[in-house]
Amino acid sequence: MAMKLPVKFGLALRTKLILGTIIASVSGVLLSLLLLSAPLSGSLSESLTEPVQEQGPQWGMLALIILATVTLSWAMSYFVTRKLGTSLMALEIGLLNFKDNDFSISIPVSGDEQLSALATLFNESAASLRQERQYIYQRELLLDKVIQSSPNVMLLLDDDQRVIYANDAARHLFNQGTRIEGLNLTTLLESVSDELARALQNPKGGLFSLAGLDEGEDETWHLSRGQFLLNGQFHHLLLLKQMTHELNRQEVAVWKKVIRIISHELNNSVAPIASMVNSGRMITRELNDPKLKMIFDTIEDRTNHLSQFIFNYARFAKLPLPKKSAVDWHKLTEQLGQHYAFKLEGKLPDSQASLDLIQMEQVLLNLLKNAHESGSEPDGVSLSIETSTLADGTSGISIEIKDEGAGMSPDVLKQALLPFYSTKQSGTGLGLPLCREIIEAHDGRISLHNRDDVGLCVRVWLPQ
């Protein structure tokens, strides 16, 4: 703790009190002597006009009296005001430290009742300010931790478009994780895509799209801008939020609602039709008419097909939450190999994962089925499962299923994970969307990519 010495301007209060006491004492002594010497000399005027030689002893005595009075007054004043001076000096030093935002100082509680009360009040104020500063500091640390951990990109710029503050997501987006404070926004935009640069140069915010990696799904972002005045200077806040997942979830939620409504209405119609078919068979059984039998068989066949169709869509709309348990990868791959042939690449993870075994088996079977139906040879289908760590340090499991088929066009890649979209003549368009629903329910992600040479690669990432 560094104490700052006060700067003196003129006489201190204690000095003024001592001088005032001395002057008052001397004046009182002089006045008393003059009043006492007047009767002894006949009159005050005669006493003052007498020759100095005749009054020499009297003036000497007067000088000694005055000197003794001054000395005694000074000593008594100095002794009486010593605590006042110390307290005022300590209070002045403490207030100077307050001015410099240093609240660590405390002053001694001493002196009379008023000085002690003043010192106590000062110490209580210092303790309150220290506690408030500690609370603000802890809150700033918490706020900085939250901002740094946020997936949203945050940039704070000054009027010269220079970066004052950036969170971890911004550093990874613009400069591969290294610090960007102090750099100009124009310099940062030189290393990003043209779509992102145009969006940030636009003075207005809103939604914009960025091309996905490896011909994948386009990414939707939202840009919001803010401006505020701090320390006499305008600051500009840019917030970038990844909206792709959120928009996809909302779109899927709408599809599920539509499916539930359609399934309900169709079931209300299919159930009476199936009942009427059975009743018709019973009534016309004695007629033994082949045409009637063909009609009833056709109605029953199409009714069963429609019921199965409704069941498949309802399963997508009413997907239960995953019931996670320990999954042995060696056992799971053996079960998958009983349904579809594949080549296992790499070594399986030794650690078990916490997943819904039934749902995850359904995902992998569907992906292997698609790989075999892609036109690839059976020995061209491969499966790899290995541990993986993301850029933010999150550990998980990476699963890749590759084939040597025809792959997918860019347009198909962008829509393959959407419900009801299918390139198969008899497909329902629910296979990959159902896989996506299951994986995202496990807090994972799925992506499709055309391989460099031939075929398609489906990547699944699941948190450990």
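Q: Which helix gives the largest share of the nonpolar patch on the surface?
A: In this predicted model, the residues I273, M294, I295 and I299 form a nonpolar patch on the surface, and together they have about 350 Å² of accessible area. Three residues of the patch, the largest share, come from one helix, which spans residues 290-317 and is named α10.

Q: Is I295 buried, partly exposed or exposed?
A: I295 is one of the residues that form the nonpolar patch, and it is found in helix α10. A residue counts as buried under 20% relative accessible area and as exposed over 50%, with partly exposed in between. Because the relative accessible area of I295 is 42%, this residue is partly exposed.

Q: How far apart in sequence are K293 and D297, whose side chains meet in a salt bridge?
A: The side chains of K293 and D297 meet with a distance of 3.0 Å from N to O, and D297 is partly exposed, with a relative accessible area of 31%. Both residues lie in helix α10, where their spacing is about one turn of the helix, that is, four residues.

Q: Which residue forms a salt bridge with R171?
A: R171 counts as buried, at 11% relative accessibility, whereas its partner counts as partly exposed, at 27%. The two residues are three residues apart in helix α6 (residues 168-175), so they are separated by about one helical turn. The closest N and O atoms of the pair are 3.7 Å apart, and the partner is D168.

Q: What is the N to O distance in the salt bridge of K369 and E373?
A: K369 counts as partly exposed at 31% relative accessibility, and E373 is also partly exposed, with a relative accessible area of 44%. The side chains of K369 and E373 meet in a salt bridge, with an N to O distance of 3.0 Å.

Q: Which element gives the most to the largest nonpolar core?
A: The largest nonpolar core has 36 residues, of which W329, L336, L367 and I399 touch the most other members. Among the elements that give two or more residues to this core are α11 (329-337), α12 (357-372), β9 (382-389) and β10 (395-402). The element that gives the most, with seven residues, is α12.

Q: How many residues are in the other core, which lies apart from the largest one?
A: In the largest core, L336 is one of the residues that touch the most other members, and its contacts include F342, L364 and L383. The other core lies apart from the largest one and has V153, F208, L210 and L238 among its residues, which number 23.

Note on methods
Residues are numbered from 1 along each chain as its sequence is written. This is a predicted model: local features need pLDDT of at least 70, side-chain atom pairs count only at pLDDT 80 or more; totals for chains, interfaces and linings use all residues. Side-chain values use heavy atoms; hydrogens and water are left out. A nonpolar core is a set of buried Ala, Val, Leu, Ile, Met, Phe, Trp, Tyr and Cys residues joined through side-chain atoms within 4.5 Å. Buried means under 20% relative accessible area, exposed over 50%, partly exposed in between (1.4 Å probe, protein chains only). Contact means heavy atoms within 4.5 Å. Patches are made of residues with over 30% relative accessible area and no salt bridge: like charges are joined within 9 Å, nonpolar side chains (Val, Leu, Ile, Met, Phe, Trp, Tyr) within 5 Å. Accessible areas come from the Shrake-Rupley method with a 1.4 Å probe; for residues, only the protein chains shown count as cover. A salt bridge is a side-chain nitrogen of Lys or Arg within 4 Å of a carboxyl oxygen of Asp or Glu. Lists of a residue's contacts leave out its neighbours within four places in sequence.
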